[in-house]
Amino acid sequence: MRTGKNKGFGILIITLIIVLLMGVLSQGQNGILQDGLNLAALGFFNITASARSTPDSATPDEVRRLEKENAELRGQLVDYYDIVKENERLLRYFEISKKNPGYILKPSSVISRNPDDDFCSFVINTGYADGVSAGDPVITENGLVGQVSGTGYMTSTVKTALSPELKISACDKRTGDSGVLSGSAELSEKNQSALTLLGENCKIKKGDIIVTLGGDSYPPNLIIGSAGAVEYDNFDSSPYAAVGLYEEIKSLESVAVITDFPGKTEGDRLEN
Amino acid sequence: MRTEKHPGLCRILLGVEVLFLALINNIIGLTPEILGGRPLVLIAAALTISVCENASVSAVFGAVCGALSDLSFSGGIGFYSFALTVSCYVVSSLLQSRLRSNFVTAALLVFAAVFALITTRYLLFSFSFGLPDSAFLYVRHGISKIILTYFSAFPLYFLNRLLILCLTGKKDAGGAI
C-alpha cells in the first residue's frame, strides 16, 4: 500500500520534470508539437468541410449517379467561389503592395482560434517556411489587426490589437498626438483598444484616424482605427482615447503578414 | 479481486479521445461561445479521466491534456501542463483514498478543480499584464468559461467511465471506479 502511494508520487514528480523540460524547450519559436497540432486542426477542418458536401449513398443507381454528378458540380461551384474569394483577397493585398512598394506581404487564412484567449488570438496557415517571423505586423485591407507572437514551420499564432499583451506606438494622424495602443478587457468587447500615455494637452477629437508611429516592429502610417473622445482613467486619472478598430477582429477569415518593410530590424522581436 | 482485461487498449482509446478533443477545441465555430466564453474541453477530459483512473495514470493524462491546451492556446508548455498534472493527481488521490467515492463527491471535486484552474489562470494573467479591469474580464468571460467547462465534463465523464468499465474490468463504485 505504502509502496503504491510512493510509486504514484514518483510518477507525479517524473511527469512534472518532463513537463518542466518540455516547457523550457518549447519557449521561443513554435515547436514541432504545436505546429503538428495546428496542421492537424487544419486537416481536420478540411475533412469536415468536404464531408459536408458528400451525398447520401443509400439510393438506386440512377439517383446515386445523378447525386454524384450533382456533388461534383457542387464541389466545382464551391471551388469556383473559393477561387473568386481568393482572387478578391489577393487583389486587395496587391493594392496595398502597390501603395506601399516596400512591403512584402504574405496572405494567410485564419485556421483556428484560441478558446482560452478573451482577446481573440488566432492561428494562421503560414509559418517560418513562408518567411513569417515573430513580431511581424498582421494587417487586412482595413488596417492593422495584430502581431505574430509565435511561428511554426507552416503555422503562426497572432496576438490581436485588442490584447493588453501588445503595446503599439501610435499617433493621431491629424494632430500628431502620440501614445501607446494597448488592449483592455472592457474595450475589447466593443472591438476597441485604448490609446494610452497621452500628453495632458492632447488635441485628439472623436473620429480622428489613428495610425502606427513606425519603428522597428511596425511600418509608419498603418491605419489602426478611429479615435473616440479623450477620457480619464478611473484609477490614475491619466488621459486615454478609445480606438475603434476598422477591422472586426472576431470575424476575421483572412489576413496578410508584412514579412518585410523599410526600416525593419531583426532585433526588435516580440518575446513569446 | 479485479480482472484486468485491456487496460492498454483503454488508455490508447482515452489518448485518441484527448487528441480528437484537442483538434476540435480550436476549430472556429465548432464549440459554441455562450456568454463570452467557450468550454475548455481538454481540462474537462483530464479531470474526468482522473475521477476514473488511478493517480499515476491521472497525472500523465493531466500532463498530456495540459500540454495540448498550452500548445494550442499559447504556443509553449506552461500553466495548464503543471496545474492539470497536479490537479488530476490530487483529484484521483482524494477519490481513491481520502474521500467517499461517489458521483456527488466526484462532481464537486471536478467543479472545485475547474474553478481553481481557471480562476488561477485569470489571476496570473491579470498580474502579468497589470490589467486594471481584470475583474470585468473574469466576470464577463471567466465565469461562463468555468460553467461551460464544468458542464462539458458530464458527457465526457460518462464516456470515459464506460470505456474504463468495459475495457479494464474494474468494478463500478459510484463516482470513481
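Two residues are in contact when heavy atoms of theirs lie within 4.5 Å. With that meaning of contact, residues 24 or more positions apart account for 59% of the contacts in chain A that have a separation of 6 or more. The model described here is a predicted one, and the points below go from chain A as a whole to the interface with chain B, then to salt bridges and to single residues.

**Chain A as a whole**

- Chain A is built with 4 helices and 12 strands, and of its 272 residues 43% count as buried.
- The accessible surface of chain A comes to about 14200 Å², and 57% of that surface belongs to carbon and sulfur atoms.
- On the surface, A:Phe9, A:Ile13, A:Ile17 and A:Leu21 make a nonpolar patch of about 380 Å².
- One member of this patch, A:Phe9, has its place in helix 1 of chain A, which covers residues 2-25, and A:Phe9 counts as partly exposed because its relative accessibility is 45%.

**The interface between chain A and chain B**

- On the chain A side, 37 residues are in contact with 40 residues of chain B.
- The size of an interface is often given as the accessible area lost when the parts come together.
- For chain A and chain B, the area buried between them is about 3800 Å², with 67% of it on carbon and sulfur atoms.
- Charged side chains also take part, since the rule finds 4 salt bridges across the interface of chain A and chain B.
- One salt bridge brings together the side chains of A:Glu189 and B:Arg140, with an N to O distance of 2.7 Å.

**Salt bridges in detail**

- Over all chains, a search of the whole structure finds 7 salt bridges.
- The side chains of A:Asp116 and B:Arg121 meet in a salt bridge at 3.0 Å, N to O.
- A:Asp116 lies in the loop between strand 1 and strand 2 of chain A, while B:Arg121 lies in helix 5 (residues 103-129) of chain B, so this pair joins two chains.
- With a relative accessible area of 3%, A:Asp116 is therefore counted as buried.
- A salt bridge is also formed by the side chains of A:Asp116 and B:Lys145, at 3.3 Å from N to O.
- That pair likewise crosses between chains, running from A:Asp116 in the loop to B:Lys145 in helix 6 (residues 134-168) of chain B.
- The relative accessible area of B:Lys145 is 0%, so B:Lys145 is buried.
- Within chain B, the side chains of B:Arg11 and B:Glu53 meet in a salt bridge at 3.1 Å, N to O.
- This pair links distant parts of the chain, for B:Arg11 is in helix 1 (residues 7-26) of chain B and B:Glu53 is in the loop between helix 2 (41-52) and helix 3 (55-73), 42 residues apart.
- The two partners are covered to unlike degrees: B:Arg11 counts as partly exposed at 27% relative accessibility, whereas B:Glu53 is buried, with a relative accessible area of 0%.
- Salt bridges that share partners join A:Asp116, A:Asp118, B:Arg121 and B:Lys145 into one network.

**Cysteines and disulfides**

- The structure holds 0 disulfides over all chains.
- A:Cys171 is in no disulfide, and the cysteine sulfur nearest to its own, that of A:Cys202, is 13 Å away, whereas a disulfide would need the two sulfur atoms within 2.5 Å.
- A:Cys171 counts as buried at 11% relative accessibility, and A:Cys202 is buried too, with a relative accessible area of 16%.

**Residues with a positive phi**

- A:Cys120 is not a glycine, and yet its phi is positive, at about 65°.
- The place of A:Cys120 is in the loop between strand 1 (104-113) and strand 2 (122-124) of chain A, where A:Cys120 is buried, with a relative accessible area of 13%.
- A:Leu197, also a residue other than glycine, has a positive phi near 55°.
- A:Leu197 is found in the loop between strand 8 (192-196) and strand 9 (209-212) of chain A, and A:Leu197 is exposed, with a relative accessible area of 67%.

**A buried valine in chain B**

- B:Val91 has its place in helix 4 (residues 79-98) of chain B and counts as buried, because its relative accessibility is 4%.
- Leaving aside neighbours within four places in sequence, B:Val91 is in contact with B:Leu47, B:Ser50, B:Val51, B:Leu109 and B:Ala113.
- The C-alpha atoms of B:Val91 and B:Val110 are separated by 7.6 Å, although the two residues are 19 residues apart along the chain.

Definitions and conventions
Residues numbered from 1 in each chain as written. Chains lettered and ligands numbered in written order. Predicted model: local features only at pLDDT ≥ 70, side-chain atom pairs only at ≥ 80, totals over all residues. Heavy atoms only, no water. Patch = residues over 30% accessible without salt bridge, like charges linked within 9 Å, V, L, I, M, F, W, Y side chains within 5 Å. Areas by Shrake-Rupley, 256 points an atom, 1.4 Å probe, with all protein chains shown as cover. Buried < 20%, exposed > 50% of the residue type's maximum accessible area, 1.4 Å probe, protein only. Buried area = accessible area lost by both parts, 1.4 Å probe.
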